Amino acid sequence: LLKFRHLLETAGLTRTIFETINQMLRERGLLMTKGTVVDATLIAAPPSTKNKAQARDPEMGHTRKGQQYYFGAKAHIGVDAESGLVHSTTTTAANVADITETANLLQGEEEAVFADAGYTGAEKREELKDLDVTWYIATKRGKITALPEGKAKALFKQVERLKAQVRSRVEHVFHLIKDRFHHRKLRYQGLKKNGAQHEVLFALANLIIVKKALLAV
């Protein structure tokens, strides 16, 4: 089993599995290209130093979310805004800003991109500024709170709720990965090995999402 996993990683077969499944879904009209939701989730690395190097994985990073500190990696995904299927994924250290991976999560044919407030300013980045897309990025809560009460604020909140409904599709994917597949902690050392596992997990998540549709076909 260990040799088989090593073969999958070194030959890049996990990426092939991920892309092959997605191509199958596209051919069946289940994976669209008009809109993408981008997001990332933190996956903790084991804190133990009981290994040959007697040290934590040097490819991982530290970050803080709210009042909690994390050490590990981030799984970044691009999700079809209509079906909720994952079409792109990358893995980085936890201290890498979500916004820096945006370009790697787009298909290139999108008309709209949805993201949370952590991606504010994405449309101004050098690698993204020439894209012909409409950006639907969540407004920071403080800005909404500062608005005077009235119809304008109520309308603003309604628009934010609509954007949030689309972004919620990524939460279902992360739920499958963390709760159904129990992937709440990294199993391997190094970004390459963990990234390979993420490709397989997101490919399997896609199959679960479209299970009913595939069975109907």
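Good morning. I begin with one pairing: Gly 61 has Gly 72, in strand S3, as its bridge partner. The model I am presenting is a predicted one, and this pairing leads directly into its sheet.

Gly 72 also serves as the bridge partner of Ala 44. These two pairings belong to longer sets of bridges. Strand S2, residues 61-65, runs antiparallel to S3 and is joined to it by five bridges. Strand S1, residues 35-44, is likewise antiparallel to S3, with nine bridges between them. On to strand S4, residues 86-93: seven bridges join S3 to S4, again antiparallel, and one of the pairings there places Ala 73 opposite Ala 93 in S4.

Two of these connections are hairpins. Between S2 and S3 there are two residues, and Gly 66 in that turn has a positive phi of about 70°. Between S3 and S4 there are five residues, and here Gly 84 takes a positive phi near 80°.

How much of S3 is buried? Of its 13 residues, 10 are buried, so the strand is largely enclosed by the rest of the structure.

I turn now to the helices. Helix H5 covers residues 169-180; its 12 residues should span 16 Å at 1.5 Å a residue, and the end C-alpha atoms are indeed 16 Å apart. Its buried residues are Val 170, Val 173, Phe 174, Leu 176, Ile 177 and Lys 178. What covers them? The cover includes strands S1, S3 and S4, together with helix H4 (151-167) and helix H6 (191-209).

After H5 comes His 182, in the loop between H5 and H6. This residue has a positive phi of about 55° although it is not a glycine. Is His 182 buried or exposed? Its relative accessible area is 65%, and the cut-off for exposed is over 50%, so His 182 counts as exposed.

Helix H6 has 19 residues and reaches 26 Å from its first C-alpha to its last, close to the 27 Å expected. Its buried residues include Asn 194, Gln 197, His 198, Glu 199, Leu 201 and Phe 202.

Phe 202 merits a closer look. With a relative accessible area of 2%, Phe 202 is buried. Which residues does Phe 202 contact, leaving aside its neighbours within four places in sequence? They are Phe 18, Ala 75, Ile 77, Val 86, Thr 89, Val 173, Phe 174 and Ile 177. Among these, Val 173, Phe 174 and Ile 177 also appear in the list of buried residues of H5. Val 86 is 116 residues away from Phe 202 in sequence, yet the C-alpha atoms of the two are 6.7 Å apart.

Finally, the largest pocket. It holds about 450 Å³ of space and is lined by 17 residues, with Ala 40, Thr 41, Leu 42, Lys 65 and Asp 98 lying nearest its centre. Which elements supply at least two residues each of this lining? They are S1, S2, S3 and H5, with the largest share, five residues, coming from S1. By class, the lining has nine charged, five nonpolar and three polar residues.

To close, S3 is joined by bridges to S1, to S2 and to S4, and S3 also contributes to the lining of the largest pocket. Thank you for your attention.

Notes: Residues are numbered from 1 along each chain as its sequence is written. This is a predicted model: local features need pLDDT of at least 70, side-chain atom pairs count only at pLDDT 80 or more; totals for chains, interfaces and linings use all residues. Side-chain values use heavy atoms; hydrogens and water are left out. Helices (H or I, at least four residues) and strands (E, at least two) are DSSP runs, numbered from the N terminus. The expected span of a helix is 1.5 Å times one less than its number of residues. Buried means under 20% relative accessible area, exposed over 50%, partly exposed in between (1.4 Å probe, protein chains only). Contact means heavy atoms within 4.5 Å. On a 1 Å grid over the protein atoms alone, a cavity is a set of points where a 1.4 Å probe fits but cannot get out, and a pocket is an open set with protein on both sides within 12 Å along at least five of seven lines; lining residues have an atom within 4 Å of a point. Grid points are joined across faces, edges and corners, and a volume is the space filled by probe spheres set on the points. Ala, Val, Leu, Ile, Met, Phe, Trp, Tyr, Cys and Pro count as nonpolar, Asp, Glu, Lys and Arg as charged, and the others, Gly among them, as polar. Two strands pair if DSSP finds at least two bridges between them.
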